[in-house]
Amino acid sequence: MGRLAGKTAIITGAGSGIGFSTVALFANEGANVVICDISEESCECAYKEITTANGSALSQPMDVTEEGDWHDVFARAVEKFGQVDVVMNCAGVGDQSPIEETTVDIFDKVCDVNLKGVFLGCKHAILHMKNRPADLPSASIINVSSTAGFVGTARSGIYTMTKGGVRLFSKSVAVEVSEFGYNIRCNSLHPGGTETPMFDNSLAQRNVSKEAFSEIVKRRNLLGRRAKPFEIAYGALFLASDESSFMTGTELALDGGYAAR
Ligand SMILES: NC(=O)c1ccc[n+]([C@@H]2O[C@H](COP(=O)([O-])OP(=O)(O)OC[C@H]3O[C@@H](n4cnc5c(N)ncnc54)[C@H](O)[C@@H]3O)[C@@H](O)[C@H]2O)c1
């Protein structure tokens, strides 16, 4: 039996990179997956790939910054699968501008997706999960932060601000749901540099070739390489499954040791 058999998981940013690897892994482990992404085309591609492999899925294009879309996602997930056990807020955007060149438009865009999107995802997860019976394993909220949620970096100040915010907001969610007596856990997941379109775009924006970056990674990261998206998805699988039943209000770092020094 799969590690997520019988569970339903909503995953945002599921059309690409870490989010896509996660829906594929979760489906393979027996979950019903709700594929959410702002790109309708990416949602459809992911849906086809998962259902072709006999996975159970629902394609639900959405914008995580729109509260109405969150109402629709939960309504459709409940209609199709009955209840939602896991919400993974993975959608995110990056930016590589030096602070002195960062416009208010860039600030608003990065904060909107990375902070407002996570806030709305948690709010609607709580609204749905708050009546979960105490004798069921806890529901799980997973908020994707970054190594940028632990340490500062040049040329991604606003991104870092949002990822630090996601880390502490996740703790507040965990504390509040506990005080209110809800059967919900919440943790943040902190990937290090991972081979995804977002990361490749950030290199392009910095005018750094992949080869030059490999040399930088060898010096900075204790494992000397970037992660593959599936290596991050395995962390999400642990947080989503009942194997992490005693874990809430904390961080899971999958960063190749980047933040160790
Ligand atoms: N790739 C890395 O090195 C890395 C490292 C640390 C943290 N992260 C975090 O992991 C998460 C996933 O990143 P990735 O590297 O897989 O990126 P990605 O660009 O491959 O995927 C992100 C997905 O989010 C979707 N998205 C963007 N805005 C959206 C919105 N408003 N509503 C719904 N969907 C939206 C995009 O369409 C895209 O499919 C992000 O939160 C990112 O900050 C990535």
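This is a guided tour of a predicted model, to be followed with the structure open in a viewer.

**First stop: strand E1 and its partners**

Begin by selecting strand E1, residues 8-12, and show its side chains; five of its five residues are buried. In a regular strand the side chains alternate between the two faces of the sheet. Here Thr 8, Ile 10 and Thr 12 lie on one side and Ala 9 and Ile 11 on the other, and both faces are covered.

Now add strand E2, residues 32-36, which pairs with E1 in the parallel sense over five bridges. To find the register between these two strands, select Ile 10 and look across to Val 34 in E2, which stands opposite. If you then display helix H1, residues 17-28, you have the three elements E1, H1 and E2, which together make a right-handed β-α-β unit.

**Second stop: strand E4**

Keep E1 on screen and select strand E4, residues 86-89, which runs parallel to E1 and is joined to it by three bridges. Within this pairing, Val 86 of E4 is the bridge partner of Ala 9, while Val 87 of E4 stands opposite Ile 10. Ile 10 is therefore a useful residue to centre on, since it stands opposite Val 34 in E2 as well as opposite Val 87 in E4.Colour the side chains of E4 by direction: Val 86 and Met 88 point one way, Val 87 and Asn 89 point the other way, and all are buried.

Next bring in strand E5, residues 139-144, which pairs with E4 in the parallel sense over four bridges. In this pairing, Asn 89 of E4 has Asn 143 of E5 as its bridge partner. Between these two strands the chain passes through H4, and this β-α-β crossover is right-handed.

**Third stop: helix H4**

Select residues 104-129 to see helix H4, and place a distance between the C-alpha atoms at its two ends. At 1.5 Å a residue, its 26 residues should span 38 Å, and the end C-alpha atoms are 35 Å apart, which agrees. Rotate the helix until Asp 112 is in profile, where H4 bends by about 35°.

**Fourth stop: Gln 96 and Arg 155**

Go back along the chain to Gln 96, which sits in the loop between E4 and H4. Is this residue buried or exposed? Gln 96 has a relative accessible area of 8%, below the 20% cut-off, so Gln 96 counts as buried. Setting aside neighbours within four places in sequence, the residues in contact with Gln 96 are Arg 155, Ser 202, Gln 205 and Arg 206. With Arg 206 there is a polar contact between the two side chains, at 2.5 Å. For a second distance, pick the C-alpha atoms of Gln 96 and Thr 153, which are 57 residues apart along the chain and separated by 10.0 Å.

From Gln 96, step across to its contact Arg 155, which is found in the loop between E5 and H5. Arg 155 counts as partly exposed, at 36% relative accessibility. Its backbone also deserves a look, with a positive phi near 65° in a residue other than glycine. Most residues other than glycine have a negative phi, and most peptide bonds are trans.

**Fifth stop: Asn 207**

Another positive phi is found at Asn 207, which has a value of about 60° although it is not a glycine. Select this residue in the loop between helix H6, residues 197-206, and helix H7, residues 210-220. Asn 207 is exposed, with a relative accessible area of 73%.

**Sixth stop: Asn 183**

Move to Asn 183, in the loop between helix H5, residues 157-179, and strand E6, residues 184-191. Asn 183 is buried, with a relative accessible area of 13%. Which side chain makes a polar contact with the side chain of Asn 183? The partner is Ser 138, at 2.9 Å. A polar atom of the Asn 183 side chain also lies 2.8 Å from the backbone oxygen of Leu 136. To see the wider surroundings, display the contacts of Asn 183 beyond four places in sequence, among them Arg 132, Pro 133, Ala 134 and Pro 137.

**Last stop: helix H8**

Finish with helix H8, residues 229-240, whose 12 residues should span 16 Å at 1.5 Å a residue; the end C-alpha atoms are 16 Å apart, which agrees. Show the buried residues of H8, including Pro 229, Ile 232, Ala 236, Leu 239 and Ala 240. With these selected, display H1, E4, E5, E6 and strand E7, residues 251-254, against which the buried residues of H8 pack.

Notes. Residues are numbered from 1 along each chain as its sequence is written. This is a predicted model: local features need pLDDT of at least 70, side-chain atom pairs count only at pLDDT 80 or more; totals for chains, interfaces and linings use all residues. Side-chain values use heavy atoms; hydrogens and water are left out. The expected span of a helix is 1.5 Å times one less than its number of residues. The bend at a residue is the angle between axes fitted to the seven residues ending there and the seven starting there. Buried means under 20% relative accessible area, exposed over 50%, partly exposed in between (1.4 Å probe, protein chains only). Two strands pair if DSSP finds at least two bridges between them. A crossover is right-handed if, with the strands pointing away from the viewer, the path from the first strand over the helix to the second runs clockwise. Contact means heavy atoms within 4.5 Å. A polar contact is a pair of N or O atoms within 3.5 Å; within protein, one must be able to donate a hydrogen and the other to accept it, and residues adjacent in sequence count only if both atoms are side-chain atoms.
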